[in-house]
Amino acid sequence: MKTVLIIGMGELGKHLAYKLHALKNEVCIVDADKNIIDTLQKDFENAYVGDCMQRSTLEELGVKDFDICVVAVGQNFQASLEITSHLKELGAKRIISKASSDIQAKFLLMAGATETVYPEKDIADKLAVKCSANNLFDYFQISNEYSIIEMLVIDKWVGKSIKELDIRNTYDINIIAIRSGDEVNIPTSGYTFNADDHIFVFGNEKVINKLKKKK
């Protein structure tokens, strides 16, 4: 379990707060809009109204006590920048700040963010990959060189085992999991592919790009 302070209850902040709460983390939410906090207070024990551009507000929250501080302020970049800077000065352990452009991300990192998130760009990049590939259900970029994809099993693999196909040596990839219906399992080399299998593949980005175009 981690303790997480989320500043700004826009769409990103709310979805993040509920998901973290569902994962049994201790979540504290803050927003300057009293109406928003009044609505969310029934679901979050630690919910506060406050202007986090004021350093004193952050001091009262005790930002050093949280494992992660998330700055999810909406369209007001100046506010996001100032809050990030205050958090850094007050000794926050890890600061994740929302950006809306590459230049914003750059300035937020300079202001003290440990890392930045760029939700719109991340979603667009992921959607573009899914739209341009055959039988691709999900895509996770691990680094510039490696990715994990969830895709429907390639037709010519059906009825054959991982060992028989010599997947690792032939394709230079690893099958790390297989989804069959509602079940997800880690396969052995003797696993035989079924026509409706979803396979989770880990490999080099160049190899993955070729694989996801196959049927």
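This report walks through a helix pair, a few paired strands and an aromatic pair in a predicted model.

## Two helices side by side

Let's start with helix 4, which covers residues 77–89, and helix 5, which covers residues 102–111. Their axes come within 8 Å of each other and cross at roughly 25°. Angles under 35 degrees count as roughly parallel, so helix 4 is roughly parallel to helix 5. As for handedness, the crossing of these two helices is right-handed.

Who does the touching? On the helix 4 side, the contact is made by Phe77, Ser80, Leu81, Thr84, Ser85 and Lys88. Helix 5 brings Gln104, Phe107, Leu108 and Ala111. Sort the residues of this contact by character and you get 5 nonpolar, 4 polar and 1 charged.

## A closer look at lysine 88

Lysine 88 sits in helix 4, and it's worth a stop of its own. Which residues does lysine 88 contact, once its neighbours within four places in sequence are left aside? They are Ile95, Ala111 and Gly112. Ala111 also turned up above, as one of the helix 5 residues in the contact between the helices.

There's a distance to look at here too. Lysine 88 and alanine 113 are 25 residues apart along the chain, and their C-alpha atoms are separated by 7.3 Å.

## Strand 9 and its partners

Now over to the strands. Strand 9 runs over residues 173–180 and pairs with strand 11, residues 198–204, in the antiparallel sense. That pairing has 6 bridges, and one of the residue matches is isoleucine 175 with valine 201 of strand 11.

Strand 9 also pairs with strand 10, residues 183–185, again in the antiparallel sense, this time over 3 bridges. Here isoleucine 178 has asparagine 185 of strand 10 as its bridge partner. Strands 9 and 10 form a hairpin, with 2 residues between them. In that turn you'll find glycine 181, which has a positive phi of about 65°.

## Rings that stack

How many aromatic pairs does a search of the whole structure find? The search turns up 5. Among them is the pair of tyrosine 146 and phenylalanine 202, which is stacked. The two rings are 5.5 Å apart centre to centre, with 10° between their planes.

Where do these two residues sit? Tyrosine 146 is in strand 8 (residues 146–152) and phenylalanine 202 is in strand 11, so the pair ties together parts that are 56 residues apart in sequence. Strand 11 is also the strand that pairs with strand 9.

Technical notes:
Residues numbered from 1 in each chain as written. Predicted model: local features only at pLDDT ≥ 70, side-chain atom pairs only at ≥ 80, totals over all residues. Heavy atoms only, no water. Axes fitted to C-alpha atoms, helices over the stretch in contact; angles between N-to-C directions. Helix = DSSP H or I, 4+ residues; strand = E, 2+ residues; numbered from the N terminus. Parallel < 35°, antiparallel > 145°, perpendicular 65-115°, else oblique. Left-handed = near helix turned anticlockwise from the far one by under 90°. Contact = heavy atoms within 4.5 Å. Nonpolar A, V, L, I, M, F, W, Y, C, P; charged D, E, K, R; others polar. Pairing = 2+ DSSP bridges. Phe/Tyr/Trp six-rings, centres within 6.5 Å; stacked < 30°, edge-to-face > 60°.
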